[in-house]
Amino acid sequence: MSEPNLWQSGGGTPARTARPYGQGSSANLADILERVLDKGIVIAGDIQINLLDIELLTIKLRLLVASVDKAKEMGIDWWEHDPSLSSHAQRHGLADENRELRERIARLEAGSGSEEAEETAPRKGTR
Amino acid sequence: MSESATYVYAVTRGLDPAGLAAVRGVEGAAVHLVPDGDLAAVVSTVPLAEYDEEALKAKLERLDWLEEVARAHHGVVDAVTARGTALPFRLATVYRGDDRVAEVLREGRARFAEMLDLLTGRVEIGVKVYVDPAEVSAASAPAAAEPSGSPGKDYLKRRKEQRRSRDDAWERAAELGRRVDAGLVPYAVDVRHHRPQNPQLSGARGENVLNAAYLVDAGDTQAFAARARKMDGAVPGTRIELTGPWAPYSFALTEKPDG
């Protein structure tokens with residue numbers, strides 16, 4: 001049986017080598033595993049490999065997904081790439097804002113008794 | 001002499017055994033046929049000690065061993081498909097000898113014949129749609145917002161916009177997947193939707209949003225491929241990938257699975 005130029009693109013550039021079967025040696029491992037493990041006729045052999053084992057195995061293979069790399073790929077990588085966190089100026093801006101807030105909380109927690117002292121202290125003093 | 005076992009690759013019909021003379025299976029073993037009437041199982045003899053319960057359990061965990069066996073298994077199925085129609089068996093289906101395989105053939109005859117009738121003259125073509133999240137996001141990146149004076153607020157705003165543009169990108173990619181599927185179904189006899197592939201395992205660039213297998217009449221494969229190519233590149237940052245033709249792995253099932 002021949003499938004001439006099955007994957008030949010219209011423009012004449014082979015998008016994929018025409019390869020009627022016989023691709024066993026070069027097909028993508030993921031494509032092969034997906035088929036030989038998950039698909040095909042399932043009949044219990046005399047050797048009982050638990051089908052559950054195979055399912056667990058494919059799950060394990062899929063679980064390679066649940067990694068940091070995957071998170072990055074899904075775009076959950078803001079801690080690395082966000083300019084507001086990686087740029088120096090921005091980081092200082094955020095830090096300043098935080099310090100001001102902390103100082104304000106400290107003043108509030110110190111209560112009215114020390115308010116006077118707080119007010120007279122230099123804003124960015126060396127206490 | 002140590003005990004041996006019989007590894008089954010596929011069931012086929014009307015296959016000339018001479019065509020398999022040069023084909024090698026798992027462990028580099030020669031392949032032979034176990035006939036029962038016009039049906040035959042394609043098998044090879046393997047050392048039982050290497051394929052008993054304990055050995056398989058241990059070895060299936062090793063990706064290098066798994067790859068070797070998977071490729072050998074697929075290689076035999078492929079060789080059969082080139083010469084006839086193969087009903088591929090699941091990896092590592094092992095019996096205690098050729099006699100047992102003949103028994104299984106006899107018992108399953110009606111079912112095997114029915115499936116062979118359905119699959120003869122048809123091939124499986126794999127279609128995957130990928131989206132490159134970075135590329136798609138870049139194409140729809142939000143304009144930089146006016147700074148509000150508060151870095152914290154700005155940050156949250158930016159995050160929200162990034163998330164929205166990424167959601168848009170995913171939505172468009174998923175929509176493309178549905179469109180490609182709808183566009184190809186008329187050219188196919190049947191379709192199975194597989195779970196999207198793990199990019200770490202496949203090594204493919206981008207995120208897999210459609211992973212489907214189509215059962216196509218051998219005479220329609222050109223038209224099918226042409227249709228798929230036509231839709232390729234319709235959305236920037238996405239691409240369509242065809243694989244196969246494969247033996248009808250995805251359709252050699254007893255029951256139609258969900259999705």
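In this predicted model, the largest nonpolar core takes in 78 residues, and those with the most contacts inside it are B:Ala10, B:Val42, B:Val76, B:Leu87, B:Val127 and B:Tyr214. Helix H3 of chain B, residues 63-83, puts in the largest share of this core, with eight residues. That fits a familiar trend: in soluble globular proteins, nonpolar side chains tend to be buried together. B:Val127 gives a good look at the packing. Leaving aside residues up to four places away in sequence, B:Val127 touches B:Val180, B:Leu184, B:Leu210, B:Ala212, B:Tyr214, B:Ala228, B:Ile240 and B:Leu242.

Several of these names lead straight to a sheet. Chain B has an open sheet of four strands, in the order S6-S7-S5-S8, and the pairing is antiparallel. Strand S6 (190-193) and strand S8 (238-246) of chain B sit at the edges, each pairing on one side only. On average, neighbouring strands here are turned by 20° against each other, direction ignored. At one end of the order, S6(B) pairs with strand S7 (residues 207-217) of chain B in the antiparallel sense, over four bridges; here B:Arg192 stands opposite B:Ala213 in S7(B). At the other end, S5(B) and S8(B) run antiparallel too, joined over seven bridges, and B:Val131 is found opposite B:Thr238 in S8(B). Being an edge strand doesn't leave S8(B) bare: seven of its nine residues are buried, so the strand is mostly covered.

Then there is the helix that goes with this sheet. Helix H6 of chain B, residues 151-184, lies across strand S5 (122-131), S7 and S8 of chain B, and runs at about 5° to S7(B). Two of the residues touched by B:Val127, namely B:Val180 and B:Leu184, fall within the 151-184 stretch of H6(B).

Stepping back to chain B as a whole, there are eight helices and eight strands. Its radius of gyration is 24 Å, whereas a compact globule of 259 residues would come in near 18 Å. The C-alpha atoms of chain B fill a box of roughly 85 × 40 × 30 Å along the principal axes. Even so, 41% of the 259 residues of chain B count as buried. Among contacts in chain B with a separation of 6 or more, 76% link residues 24 or more positions apart. For a look at the surface, take B:Asp99, which lies in helix H4 (residues 98-119) of chain B. B:Asp99 counts as exposed because just 11 other C-beta atoms lie within 10 Å, and the cut-off for exposed is 12 or fewer. The C-alpha atoms of B:Asp99 and B:Val34 are separated by 8.4 Å, though the two residues are 65 residues apart along the chain.

Chain A is put together from helices: it has seven of them and zero strands, which reads along the sequence as α-α-α-α-α-α-α. Of its 127 residues, 14% count as buried. Helix H1 of chain A (residues 29-38) is largely enclosed by the rest of the structure, because eight of its 10 residues are buried. Those buried residues are A:Ala30, A:Asp31, A:Ile32, A:Leu33, A:Glu34, A:Arg35, A:Val36 and A:Leu37, so charged names such as A:Asp31, A:Glu34 and A:Arg35 are on the buried list as well. After H1(A) comes A:Gly40, with a positive phi near 90°.

Terms used
Residues numbered from 1 in each chain as written. Chains lettered and ligands numbered in written order. Predicted model: local features only at pLDDT ≥ 70, side-chain atom pairs only at ≥ 80, totals over all residues. Pairing = 2+ DSSP bridges. Helix = DSSP H or I, 4+ residues; strand = E, 2+ residues; numbered from the N terminus. Axes fitted to C-alpha atoms, helices over the stretch in contact; angles between N-to-C directions. Contact = placed C-beta atoms within 7 Å. Buried ≥ 20, exposed ≤ 12 C-beta atoms within 10 Å, placed from the backbone. Rg over C-alpha atoms; globule rule 2.2 N^0.38 Å. Core = buried A, V, L, I, M, F, W, Y, C linked by C-beta atoms within 7 Å.
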